[in-house]
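User: I am new to this structure and would like to learn how its features are read. Could you please take me through them in turn?

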Amino acid sequence: MTKADPKKFHIKSFGCQMNVYDGERMSEMLVDQGMTAAENSEAADLVVLNTCHIREKAVDKVYSDIGRLRRKDGSSPMIAVAGCVAQAEGKEISRRAPSVDIVVGPQAYHRLPELMETAKSGKKALDTDMPAISKFDILPTRGKQARPTAFLTVQEGCDKFCTYCVVPYTRGAEISRPWSDLVDEAKALVDGGAREITLLGQNVNAWSGEDEKGNMQGLDGLIRALDRIPGLKRIRYMTSHPNDMTDGLVAAHGDVGSLMPFLHLPVQSGSDRILKAMNRSHSVRSYLTILEQMRAVRPDIALSGDFIVGFPGETDQDFEETLQIVRDANYSQAFSFKYSPRPGTPASGMDDQIAPEVMDERLQRLQALLNEQQYAFNQQTVGRTTDILLERQGKLDGQLIGKTPWLQSLHIISPDLKIGDMVEVEIARAGPNSLTGEIKERMAA
Ligand code: 5AD
Ligand code: SF4
């Protein structure tokens with residue numbers, strides 16, 4: 001059956017910030033093609049589900065979401081499944097969910113318009129290639145739809161092969177985007193109104209490339225170059241791997257004014273035995289040493305992390321060691337997950353898979369400790385005067401929500417301010433998940 005030419009699209013991104021970035025790029029490309037963004041999937045005639053494959057639940061959710069796109073009259077919009085589930089499952093998706101028209105992997109989404117042509121003629125369209133020509137060379141230039149905070153993917157893929165993780169299979173090998181492309185993209189974002197840029201990569205601190213003079217640079221060199229862009233007030237980066245944390249990057253936290261005091265550095269487990277089985281190639285000691293170095297140059301740095309509980313073979317003792325590293329490291333926020341066996345990864349075939357009820361109990365204990373640390377961190381910032389970049393409207397009249405340098409959400413009420421403003425506030429109150437501030441003064445643009 002042929003499908004009408006779609007005019008309005010809706011993109012739903014799941015999972016990590018890399019997917020949010022890809023979603024933004026797809027959106028810019030579709031707008032460039034003359035389409036408009038719909039408020040929600042009901043109002044759209046093209047729905048893109050930009051999926052995540054990192055845990056099993058995420059995959060199940062995609063199939064239930066596809067089911068829910070069917071309209072009351074039995075019709076459905078043109079449906080594209082993008083992202084890592086598309087890459088991993090390929091043709092299987094339209095076999096299992098026949099209403100799916102397009103399956104497109106994370107390295108091929110610049111071909112979405114061509115795939116839509118195929119779908120219009122009633123055929124299933126599939127592209128999960130990882131082509132040599134980068135999608136970044138083909139996508140339209142940025143900046144037109146820039147918001148105060150923007151993402152910029154600098155690095156993709158992963159060569160680390162942690163034994164639980166699908167990323168090296170779905171996102172492919174580590175590649176760094178070229179220096180000049182990144183500097184140009186950052187300038188276009190700032191010209192379009194971005195004041196904060198978050199550099200993204202599965203292993204963002206593994207980024208390397210030649211600068212305009214032909215000198216090899218690491219992420220710290222790139223950050224120093226972006227710091228010179230007038231109008232760019234804040235730089236962040238995520239996600240980092242402990243083994244790629246260079247002295248240069250640590251030093252940059254001490255002397256680059258626009259580099260925010262926040263570090264997302266996953267450790268996954270506090271047991272050296274489990275870290276080895278995970279193939280993390282760092283130890284508890286080496287992780288804590290990085291934190292010591294970081295805190296020596298930037299004592300107020302806020303630390304975030306990722307944890308997995310219930311990795312195969314994890315004993316009570318191993319788990320106690322995870323609680324211990326949390327106490328030693330002290331997090332301002334963190335993500336924690338139950339281990340989820342992913343097909344094709346080495347850990348999925350390991351002996352001693354952990355019972356679900358044991359994982360539940362461990363996750364609860366870990367999250368209770370992490371929540372306690374987050375609340376304590378928030379409380380400890382009360383009384384500080386700091387700058388806030390306002391990002392979105394709050395629920396109350398005149399309420400705006402922004403982020404502190406330490407990536408905490410902060411609410412203020414001020415009818416004469418608007419999104420994109422940077423203001424100086426005093427942190428007045430702290431809750432477990434957010435802060436309330438009072439305006440000190442408005443900062444120069
Ligand atoms: N099961 C549970 N959590 C996982 N992660 C990655 N793979 C798995 C898995 N198989 C978590 C890690 C990673 C984050 C993005 O997702 O903590 O850092
Ligand atoms: Fe996955 Fe490990 Fe690579 Fe992170 S470093 S993307 S957890 S394989």
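User: How much area do domain 2 and domain 3 bury between them?

Analyst: Buried area is the accessible area, taken with a 1.4 Å probe, that two parts lose on being put together, summed over both. In this predicted model, domain 2 and domain 3 bury about 1,500 Å² between them, with 57% of that on carbon and sulfur atoms. Pro148, Arg234 and Asn378 supply 35% of the area that domain 2 buries against domain 3, more than any other three residues.

User: Where do the domains begin and end?

Analyst: Domain bounds come from an automatic or database domain assignment. For the protein chain that assignment gives domain 1 (8-127), domain 2 (135-380) and domain 3 (385-442). The C-alpha centres of domain 2 and domain 3 are 25 Å apart. Contact, meaning heavy atoms within 4.5 Å, takes 18 residues from domain 2 and 20 residues from domain 3.

Analyst: Some conventions apply throughout. Residues are numbered from 1 along each chain as its sequence is written, while chains are lettered from A and ligands numbered from 1 in the order in which they are written. The model is predicted, so local features need pLDDT of at least 70, side-chain atom pairs count only at pLDDT 80 or more, and totals for chains, interfaces and linings use all residues; side-chain values use heavy atoms, with hydrogens and water left out.

User: How many salt bridges does the rule find across the interface of domain 2 and domain 3?

Analyst: A salt bridge is a side-chain nitrogen of Lys or Arg within 4 Å of a carboxyl oxygen of Asp or Glu. Across this interface the rule finds 1 salt bridge. The side chains of Arg234 and Asp387 meet in a salt bridge at 3.4 Å, N to O. Polar contacts are pairs of N or O atoms within 3.5 Å; within protein, one must be able to donate a hydrogen and the other to accept it, and residues adjacent in sequence count only if both atoms are side-chain atoms. The interface has 12 residue pairs in polar contact, both residues at pLDDT 80 or more.

User: Which elements give two or more residues to the side of domain 2 that touches domain 3?

Analyst: Helices (H or I, at least four residues) and strands (E, at least two) are DSSP runs, numbered from the N terminus. The elements in question are β13 (234-238) and α13 (356-380). The largest share of that side, 5 residues, comes from α13.

User: Which residues surround ligand 1?

Analyst: A residue is near a molecule if one of its heavy atoms lies within 4 Å of it. Ligand 1 is surrounded by residues including Arg55, Tyr164, Gln268 and Ser340. A polar side-chain atom of Arg55 lies 3.0 Å from an oxygen atom of ligand 1. Backbone N or O atoms also approach nitrogen atoms of ligand 1: one of Tyr164 at 2.9 Å, and one of Ser340 at 2.8 Å. Gln268 has a positive phi of about 75° although it is not a glycine, and its place is in the loop between β14 (262-264) and α10 (272-277).

User: What surrounds ligand 2?

Analyst: Among the residues around ligand 2 are Cys158, Cys162, Tyr164, Cys165 and His241.

User: Which peptide bond is cis?

Analyst: The peptide bond from Met238 to Thr239 is cis, with omega near 0°. Thr239 is placed in the loop between β13 and α9 (247-255).
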